[in-house]
Amino acid sequence: MIRQPGLITTLVDLFEHIWSRARDVAEPVQRLTAREREVLGLIAEGRSNSAVARALSITEAAVGKHVASVFAKLELPATEDDNRRVPAVLAHLRGTAR
């Protein structure tokens with residue numbers, strides 16, 4: 001039991017700050033279309049964009065658009081140091097991108 005009002009206030013403020021930055025884990029998942037989930041599943045199998053295109057009978061350009069959409073919906077920003085396919089696949093494997 002905490003009886004110090006200052007400590008309680010600090011803990012409440014800390015909780016409010018963290019809560020305001022929290023994201024709904026299911027939010028990006030709900031935004032992926034069935035086709036985007038298919039594309040992500042094939043990427044998780046290690047397939048290239050051209051292999052995904054052949055598997056789904058779509059163009060490579062369409063695959064690129066789906067991949068870009070997946071990155072955007074999973075909130076994976078482009079950086080010079082990171083490959084966004086890896087965290088996207090991890091999200092898929094964790095079940096947060098279904």
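In which helix is Glu38 found? Glu38 is found in helix α3, and that helix is a useful place from which to enter this predicted model. At 39% relative accessibility, Glu38 counts as partly exposed, because it falls between the 20% limit for buried residues and the 50% limit for exposed ones. The C-alpha atom of Glu38 is separated by 9.0 Å from that of Val52, a residue 14 places away along the chain.

The overall architecture may be set out before the details. The protein has 6 helices and 0 strands, so that its elements, read from the N terminus on, follow the order α-α-α-α-α-α. It comprises 98 residues, of which 24% count as buried. Among the contacts between residues at least 6 apart in sequence, 53% join residues that are at least 24 apart.

The interior comes next. In soluble globular proteins, nonpolar side chains tend to be buried together. In this model, the largest nonpolar core has 17 residues, and those with the most contacts inside it are Val39, Val52 and Leu74. Four helices each supply at least two residues of this core, namely α3, α4 (49–56), α5 and α6.

Val52 shows how parts of the chain come together in the core. With its neighbours within four places in sequence left aside, Val52 is in contact with Val39, Leu42, Ile43, Arg47 and Val63. Val52 is also one of the buried residues of α4, together with Ala51, Ala53 and Leu56. The buried residues of this helix pack against α3 and α5. Just after α4, Ser57 takes a positive phi of about 55 degrees.

Empty space within the model can also be examined. Rolling a probe the size of a water molecule over the atoms shows where empty space is left. The structure holds 1 cavity of 30 Å³ or more, and the largest cavity has a volume of about 40 Å³. Its lining is formed by Val39, Leu40, Ile43, Val67, Val70, Phe71, Arg85 and Ala88. The elements that give two or more residues to this lining are α3 (34–44), α5 (60–73) and α6 (85–94). By character, the lining residues divide into 7 nonpolar, no polar and 1 charged. Val39 thus belongs to the lining of the cavity and is also among the residues with the most contacts inside the largest nonpolar core.

Two further residues, Glu36 and Lys73, deserve attention. Is Glu36, a residue of helix α3, buried or exposed? Glu36 counts as buried, because its relative accessibility of 4% lies under the 20% limit. Apart from neighbours within four places in sequence, Glu36 is in contact with Arg31, His66, Ser69, Val70 and Lys73. One of these partners, Val70, also lines the largest cavity.

Lys73, another of these partners, is found in helix α5. Its relative accessible area is 19%, and Lys73 is therefore buried, since the limit is under 20%. The side chain of Lys73 reaches the backbone oxygen of Arg31 at 2.7 Å. Arg31 is itself in contact with Glu36, and Glu36, Arg31 and Lys73 are thus linked through the contacts described here.

Notes:
Residues are numbered from 1 along each chain as its sequence is written. This is a predicted model: local features need pLDDT of at least 70, side-chain atom pairs count only at pLDDT 80 or more; totals for chains, interfaces and linings use all residues. Side-chain values use heavy atoms; hydrogens and water are left out. On a 1 Å grid over the protein atoms alone, a cavity is a set of points where a 1.4 Å probe fits but cannot get out, and a pocket is an open set with protein on both sides within 12 Å along at least five of seven lines; lining residues have an atom within 4 Å of a point. Grid points are joined across faces, edges and corners, and a volume is the space filled by probe spheres set on the points. Ala, Val, Leu, Ile, Met, Phe, Trp, Tyr, Cys and Pro count as nonpolar, Asp, Glu, Lys and Arg as charged, and the others, Gly among them, as polar. A nonpolar core is a set of buried Ala, Val, Leu, Ile, Met, Phe, Trp, Tyr and Cys residues joined through side-chain atoms within 4.5 Å. Buried means under 20% relative accessible area, exposed over 50%, partly exposed in between (1.4 Å probe, protein chains only). Contact means heavy atoms within 4.5 Å. A polar contact is a pair of N or O atoms within 3.5 Å; within protein, one must be able to donate a hydrogen and the other to accept it, and residues adjacent in sequence count only if both atoms are side-chain atoms.
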